[in-house]
Amino acid sequence: MKYFLLFLFFLFQIFISQAQSSIWGVTSSGGGNGAGVIFKMDGSGNNLKLEYDLTRYDGDYPKADLVKGPDGKLYGMTSACCTFNGAGVLFQYDPATSTYTRKHYFDDTLSGLNPYGSLLLAADGMFYGMACRGGIYKNGVLFQYNPTTSTYTKKIDFDGSGNGSLPYGSLIQTPDGKMYGMTSTGGANDYGVIFEYDPSTSTLVKKFDFDGTTTGGTSHGSLVRAIDGMFYGMTGNGGASDLGVLFKFDPANDSYTKILEFNDTTNGSSPYGSLLQAADGYLYGVTSAGGLIKMEFCFSLIRPLLL
């Protein structure tokens, strides 16, 4: 059952409603237009139903989750739009009326290009997210979206060596209101950074530079905050075999701890996504390659202890 759930998590970006009455998600391609679909299942994972075919003119190829907004509607992003290799959109989908609405078009310098991560519904009722490219420095942006007023506000331009570049993942928020994320490149060594963003002051601070070897580098996923209060994440490169590492990061003192190195056959290689903490307290993940049959590899970690 655990691997079935992981399979769904890896292939589909899934949103589970608070009432657990239905499961909503998107695919990154396929459907009537080949651009992806919005779908739903019942709470037990059965009775899959296609709800909406995405189109290239209103946003296509979504890469991450749907998020339920304070208005009960679903919000998401696509990585492209309107023409091939387009910029992407932020959209709203109303399950009650089956209505899809494009809310914001990503347009390079002003608001970034190609968002690959998910939106974060923050404690202040706003959505926060990142676009992988575009912005003033062409290295991506961090933004805020107000679902009440449909207002998009760019907050941060990633500048490369200073605060990182090309963020592929999503933001997470801690109980103190601050947000954390990673970039895939940039920083002191050009292998990405871990950063902290404070929405109350609109300031971003780099917390850690990946080195590409010992500490790994080129992360395409997101951090997860476990029950022990620590952040856990993965990089696609680095380690003894240069096949990626799994690490822990303590936001209280900015300390990094490498937990394991991916080595292909034994534990997979080149993780592309993020970890997930299940109800049993364990962290689960997948790699994009490796394993005995050179395919995706599922693994579990030791359970973080709540001290």
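**A tour starting from strand β14**

Select β14 (residues 179-182): M179 and G181 point one way from this strand, Y180 and M182 point the other way, and all are buried. Buried means under 20% relative accessible area, with exposed set at over 50% and partly exposed in between (1.4 Å probe, protein chains only). Helices (H or I, at least four residues) and strands (E, at least two) are DSSP runs, numbered from the N terminus. In a regular strand the side chains alternate between the two faces of the sheet.

The model is predicted: local features need pLDDT of at least 70, and side-chain atom pairs count only at pLDDT 80 or more, whereas totals for chains, interfaces and linings use all residues. Residues are numbered from 1 along each chain as its sequence is written, and side-chain values use heavy atoms, with hydrogens and water left out.

**Colour by confidence**

The mean pLDDT of the protein is 89, and 88% of its residues reach 70 or more; pLDDT is the predictor's confidence in each residue, from 0 to 100. Next select residues 1-19, over which pLDDT stays under 50. For residues 1-19 the model has 37 contacts beyond four places in sequence, a contact being heavy atoms within 4.5 Å.

**The partners of β14**

Return to β14 and add β13 (residues 172-173), which pairs with β14 in the antiparallel sense over two bridges. Two strands pair if DSSP finds at least two bridges between them. Q173 has M179 of β14 as its bridge partner. Five residues lie between the strands of this hairpin, where G177 takes a positive phi near 95°. Now add β15: its pairing with β14 is antiparallel, over four bridges. Here G181 has F195 of β15 as its bridge partner.

**The largest nonpolar core**

Which residues have the most contacts inside the largest nonpolar core? Select Y128, L142, L171, M179, F195, Y197 and L204; the core has 14 residues. A nonpolar core is a set of buried Ala, Val, Leu, Ile, Met, Phe, Trp, Tyr and Cys residues joined through side-chain atoms within 4.5 Å. Two or more residues come from each of β10 and β15 (193-198), and β15 gives the most, with three residues. In soluble globular proteins, nonpolar side chains tend to be buried together.

Centre the view on Y128. Not counting residues up to four places away in sequence, Y128 touches, among others, L120, F143, L171, M179, Y197 and P199.

**The sheet β9-β10-β11-β12**

Display the four strands of this open sheet, ordered β9-β10-β11-β12 with antiparallel pairing. The edge strands, β9 (120-121) and β12 (151-157), each pair on one side only. Within the sheet, β10 (residues 127-131) and β11 (residues 141-146) are paired antiparallel over five bridges. F127 has Y145 of β11 as its bridge partner.

**A buried serine in a loop**

Select S165, in the loop between β12 and β13. Is S165 buried or exposed? S165 counts as buried because its relative accessibility is 4%. Its side chain makes a polar contact with the side chain of T185 (2.6 Å), and a polar atom of the S165 side chain lies 3.3 Å from the backbone nitrogen of G186. A polar contact is a pair of N or O atoms within 3.5 Å; within protein, one must be able to donate a hydrogen and the other to accept it, and residues adjacent in sequence count only if both atoms are side-chain atoms. Beyond four places in sequence, S165 also touches residues including N139, F158 and G160.

**Aromatic pairs**

A search of the whole structure finds 19 aromatic pairs. Rings of Phe, Tyr and Trp (its six-membered ring) pair if their centres lie within 6.5 Å; planes under 30 degrees apart count as stacked, over 60 as edge-to-face and the rest as tilted. Select F210 and Y256: the ring centres are 6.4 Å apart and the planes at 85°, so this pair is edge-to-face. F210 lies in the loop between β16 (203-209) and β17 (224-225) and Y256 in β20 (residues 255-261), so the pair ties together parts that are 46 residues apart in sequence. Both F210 and Y256 are buried. Extend the selection to Y180, F208, F231, F247 and F249, which ring pairs link with F210 and Y256 into a cluster.

**The sheet β17-β18-β19-β20**

Finish with the open sheet of four strands in the order β17-β18-β19-β20, where the pairing is antiparallel. β17 and β20 stand at the edges with a single partner strand each, so one side of each has no neighbour in the sheet. Two bridges join β17 to β18 (residues 231-235), the two running antiparallel, and V224 stands opposite Y232 in β18.
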